[in-house]
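Trainee: I'd like to learn how to read a structure model without getting lost. Could you walk me through one?

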Amino acid sequence: MSAGHTEVTTSAPDTPVIVCETPQDECGVRDVLDRLGDKWSVYVVVELASGMRRFKELQRAVPGDISQRMLTLTVRRLERDGLVERTVHPTVPPQVEYELTETGHSLTHLVKALADWSIAHRPVIAASHAAWDAAHAQPDGRARTAAAPPVERVRRPRV
């Protein structure tokens, strides 16, 4: 892919991947992808797919040591999107439980399909990473990642 290449490659170039009413309309896809593309939302959806969880149970179950603040923000966003329902029980201290809504449950088969795809293609992706890293190694032999910019060489003034 060249630096100027920005098109989506599909098997049928005349068939759009997403069809919206107008070119400016994103059909709400960006909002969904922004939510599911963040670091924690998919983990929370996966954990809640097995049933209702209290806040601390959810925090312990989510892999990657999510902070209390980040979990709060994540479930709040998922609640706003209609994927998670929050129930507060009037106890001291308040007991808060989270569960997927019907819409949230309808998302789980897509998340499972993505996970299955990821597992099935892991060897191909790993081989692609190795080939890309070998082809794009820096002059000093270190691999340059796709996300990292090339190392700038600092020129020293002549004395």
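Mentor: We'll go from the overall fold to single residues. Keep in mind that this is a predicted model.

Trainee: Fine. How many helices and strands does the chain have, and what pattern do they follow along the sequence?

Mentor: There are 5 helices and 3 strands. Reading along the sequence, you meet them as α-α-β-α-α-β-β-α.

Trainee: And what share of the residues is buried?

Mentor: Of the 159 residues in the chain, 18% are buried. The accessible surface comes to about 12600 Å², and carbon and sulfur atoms own 56% of that. As for contacts with a separation of 6 or more, 36% are between residues 24 or more positions apart.

Trainee: Let's look at charges. How many salt bridges are there?

Mentor: The general idea first: side chains of opposite charge can pair when their charged atoms come close. In this chain the count is 2 salt bridges. In one of them, arginine 53 pairs with glutamate 47, with the closest N and O atoms 3.1 Å apart. Glutamate 47 is a buried residue, at 17% relative accessible area.

Trainee: Which residues make the salt bridge with an N to O distance of 3.0 Å?

Mentor: That one joins the side chains of lysine 112 and aspartate 116. Both residues sit in helix α5, which spans residues 102-135, and they are 4 residues apart, about one turn of the helix.

Trainee: Why does aspartate 116 count as partly exposed?

Mentor: Because its relative accessible area is 39%, and partly exposed covers the range between the 20% and 50% cut-offs.

Trainee: Now a puzzle. Glutamate 97 is buried, so which side chain of opposite charge is nearest?

Mentor: Arginine 54, but it is 5.4 Å away. A salt bridge needs the nitrogen within 4 Å of the carboxyl oxygen, so glutamate 97 has none.

Trainee: What polar contact does the glutamate 97 side chain make?

Mentor: The partner is the side chain of histidine 89, at 2.9 Å. Glutamate 97 itself belongs to strand β3, residues 95-100. Setting aside residues up to four places away in sequence, it touches Met52, Arg53, Arg54, Glu85, Arg86, Thr87 and His89.

Trainee: What comes after β3 along the chain?

Mentor: Threonine 101 is in the loop between β3 and α5. With a relative accessible area of 17%, threonine 101 is buried. Beyond its neighbours within four places in sequence, threonine 101 contacts Gly82, Leu83, Val84 and Glu85.

Trainee: How do I spot residues that are far apart in sequence but meet in space?

Mentor: Take a residue and compare its sequence separations with its distances. Serine 41 lies in helix α2, residues 41-48, and is buried, at 1% relative accessible area. Not counting residues up to four places away, serine 41 touches Arg35, Thr74 and Leu78.

Trainee: How far in space is serine 41 from arginine 77, and from leucine 73?

Mentor: C-alpha to C-alpha, arginine 77 is 8.8 Å from serine 41, with their positions 36 residues apart in sequence. For leucine 73, the separation along the chain is 32 residues and the C-alpha distance is 9.9 Å. Arginine 77 is in helix α4 and counts as partly exposed, at 35% relative accessibility.

Trainee: Which residues form a nonpolar patch on the surface?

Mentor: Leu114, Trp117 and Ile125, with about 310 Å² of accessible area together. Tryptophan 117 is in helix α5 and is partly exposed, at 47% relative accessibility.

Trainee: Last topic: backbone oddities. What should I look for?

Mentor: Most residues other than glycine have a negative phi, and most peptide bonds are trans. Here, valine 92 and proline 93 are joined by a cis peptide bond, with omega about -10°. Proline 93 is located in the loop between β2 (84-89) and β3.

Trainee: And which residue other than glycine has a positive phi?

Mentor: Aspartate 65, with phi near 60°. Aspartate 65 falls in the loop between α3 (55-61) and α4 (68-80).

Trainee: Is aspartate 65 buried or exposed?

Mentor: Exposed, because its relative accessible area is 74%, and over 50% counts as exposed.

How values were computed
Residues are numbered from 1 along each chain as its sequence is written. This is a predicted model: local features need pLDDT of at least 70, side-chain atom pairs count only at pLDDT 80 or more; totals for chains, interfaces and linings use all residues. Side-chain values use heavy atoms; hydrogens and water are left out. Helices (H or I, at least four residues) and strands (E, at least two) are DSSP runs, numbered from the N terminus. Buried means under 20% relative accessible area, exposed over 50%, partly exposed in between (1.4 Å probe, protein chains only). Lys and Arg count as positive and Asp and Glu as negative; His and the chain ends are not counted. A polar contact is a pair of N or O atoms within 3.5 Å; within protein, one must be able to donate a hydrogen and the other to accept it, and residues adjacent in sequence count only if both atoms are side-chain atoms. Contact means heavy atoms within 4.5 Å. Accessible areas come from the Shrake-Rupley method with a 1.4 Å probe; for residues, only the protein chains shown count as cover. Patches are made of residues with over 30% relative accessible area and no salt bridge: like charges are joined within 9 Å, nonpolar side chains (Val, Leu, Ile, Met, Phe, Trp, Tyr) within 5 Å.
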